[in-house]
Amino acid sequence: MAAEIRPKPTSRRPILLSKLEGSGDIVNQAVIIPKEDGVISVCDDRTVRVWLKRDSGQYWPSICHTMPAAASALDYNPETRRLFVGLDNGTISEFLLADDFNRMAATRNYLAHQQRVVGINFSLQCEWLLSVGRDKFFQWHCSETGRRLGGFQSGAWCTAVQFDVESKHVFVGDFSGHIQVLKLEGNGGVTQVTTLKGHSGSIRCLEWDPESRLLFSGSFDQSIIVWDIGGQQGTAFELQGHSNKVQGLKFVGHTKQLVSGGEDGVIVIWNMSVDRNETPEWVESDNCQKCDQPFFWNFKKMWNEKTIGTRQHHCRKCGCAVCAKCSANRSTIPLMGFEFEVRVCNACFANISDDERAPMATFHDVKHGVVAIHYDGTRGWLLTCGTDRIIKIWDVNALVS
């Protein structure tokens, strides 16, 4: 009898393609150059580097340009090869890269901020340059003339920015955990539409998908919130899967997947094609809502019943205020974004089925704390900048598909 030869199963994990080493400090941001074997990076060692892949298979800098201050943010437009670099001193420098990516020419400086630039968004369609900085300002410039068009002052350090070209809305995350939704007018006016509040820590990254009209925010509080802006119902879904601050987000529209990276050294691929449930508001009560046991601040009930109060907990599924005895179980609730086991009350635990516990995200160790990520959808490559000053390029076609 002939032996059956079975094909080796495809590994569903990221495959490390290249490591880019040599930066003298933390790499704040990097992008893969579309249709080229190249990467552009900005670093706290004041350098802007353009890395090209050599015949040896290794990436080496074809450009290593030293800036007058630490390079803290970038945005690259592949259609025009225009590169915008934000600096620690508040300046944004514009460069034009040569066809062969071996030279770059300075074209303009924007005196945009008084402190470190932390986010840049260039719109070719509008010819607008949008930026945020630690001076608490969102700034809006015309990229054709260099003229400032308008601005908005937040109540805390600005940390991230995203822009919707169609509606001219800007989303600005800040250090207090709030997201300002602004409307840009043609005459240079900036109107504050609303403030999104949901995080308990500073906003670290934002991602906007214009097709589904979803806004994703990653925070120092280790959580991701999905804001349904298009639904106009104030719906927000929470995703809990990281054990440290969330530093990078990328939504892959054609597969309905969200890629997130955190300082815990983990890349998470979230399935966003399912109908997720909102996390409930936590109910505040003086007594356990299941057994009526008083909580430790309810002195009147403790005195009347001659009993000792207990600590208040909350069920993550229903939001009820419960005591420890009535919430002795833990469970994952992927439909509500809880990929790790969380506290649930005994009644909810009994009602959670095995199907409801099926994971809706995959977790992958990238061996360094992630500072920023970038995704090249045409090749299925994911770039991670790490706290170890190394840039890694991964093939994630087996995961994002």
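Mentor: Before we start, keep one definition in mind: two residues are in contact when heavy atoms of theirs lie within 4.5 Å. The structure above is a predicted model.

Trainee: Among contacts between residues at least 6 apart in sequence, what share joins residues at least 24 apart?
Mentor: Here we set aside pairs that are close along the chain and keep contacts between residues at least 6 apart in sequence. Of these contacts, the part that joins residues at least 24 apart is 45%.

Trainee: How many helices and how many strands does the chain have?
Mentor: Both kinds of element occur in this chain, and they are numbered from the N terminus. The count is 2 helices and 32 strands.

Trainee: What is the radius of gyration of the chain, and what value would a compact globule have?
Mentor: The C-alpha atoms fill a box of roughly 80 × 80 × 35 Å, taken along the principal axes. For 401 residues, a compact globule would have a radius of gyration near 21 Å, and the value of the chain agrees with this, because it is 24 Å.

Trainee: What percentage of the residues is buried?
Mentor: A residue is called buried when its relative accessible area is under 20%. The chain also has an outer side, exposing about 18900 Å², of which carbon and sulfur atoms supply 47%. Of the 401 residues, the buried part is 53%.

Trainee: How far apart are the mean positions of the positive and negative charges?
Mentor: The chain carries 43 positive and 45 negative charges, and a mean position is taken for each group. The distance between these two mean positions is 4 Å.

Trainee: Which residues does UniProt list for "domain: FYVE-type"?
Mentor: This comes from an unreviewed UniProt entry, so it should be read with care, since such annotations may be inferred rather than shown by experiment. In the model, the span is 18% helix and 22% strand, and its end C-alpha atoms lie 23 Å apart. The listed residues are 282-353.

Trainee: Which residues does the UniProt annotation "repeat: WD" cover?
Mentor: The annotation, again from an unreviewed entry, covers three stretches of the chain. One of them, residues 196-229, is 0% helix and 62% strand, with end C-alpha atoms 10 Å apart, while residues 239-273 are 0% helix and 60% strand, with end C-alpha atoms 14 Å apart. The full list is 196-229, 239-273 and 363-401.

Trainee: Is Leu-111 buried or exposed?
Mentor: Leu-111 lies in strand β9, which runs over residues 104-111. The C-alpha atom of Leu-111 is 10.0 Å from that of His-141, which is 30 residues away along the chain. A residue over 50% relative accessible area is exposed, and because Leu-111 has 73% relative accessibility, it counts as exposed.

Trainee: Is Thr-332 buried or exposed?
Mentor: Thr-332 is found in strand β27, residues 329-333. Leaving aside neighbours within four places in sequence, Thr-332 is in contact with Phe-338, Glu-339, Phe-340, Glu-341 and Arg-357. Because its relative accessible area is 16%, Thr-332 is buried.

Trainee: What is the phi of Lys-35, and why should a student stop to look at a positive value?
Mentor: Most residues other than glycine have a negative phi, so a positive value departs from the usual case. Lys-35 sits in the loop between β2 (27-32) and β3 (38-43), and it is exposed, with a relative accessible area of 79%. Although Lys-35 is not a glycine, it has a positive phi of about 65 degrees.

Trainee: Where is Lys-256, which also has a positive phi?
Mentor: Lys-256 is not a glycine, yet its phi is positive, about 55 degrees. Its relative accessible area is 33%, so Lys-256 is partly exposed. Its place is in the loop between β22 (246-252) and β23 (257-262).

Trainee: Which residues does Thr-80 touch, not counting residues up to four places away in sequence?
Mentor: Thr-80 is in the loop between β6 (71-77) and β7 (82-87), and it is partly exposed, with a relative accessible area of 25%. The C-alpha atoms of Thr-80 and Lys-301, 221 residues apart along the chain, are separated by 71 Å. The residues that Thr-80 touches are Leu-96 and Leu-124.

Key:
Residues numbered from 1 in each chain as written. Predicted model: local features only at pLDDT ≥ 70, side-chain atom pairs only at ≥ 80, totals over all residues. Heavy atoms only, no water. Helix = DSSP H or I, 4+ residues; strand = E, 2+ residues; numbered from the N terminus. Rg over C-alpha atoms; globule rule 2.2 N^0.38 Å. Buried < 20%, exposed > 50% of the residue type's maximum accessible area, 1.4 Å probe, protein only. Areas by Shrake-Rupley, 256 points an atom, 1.4 Å probe, with all protein chains shown as cover. Lys, Arg positive; Asp, Glu negative; His and termini not counted. Charge placed at Lys NZ, Arg CZ, Asp CG, Glu CD.
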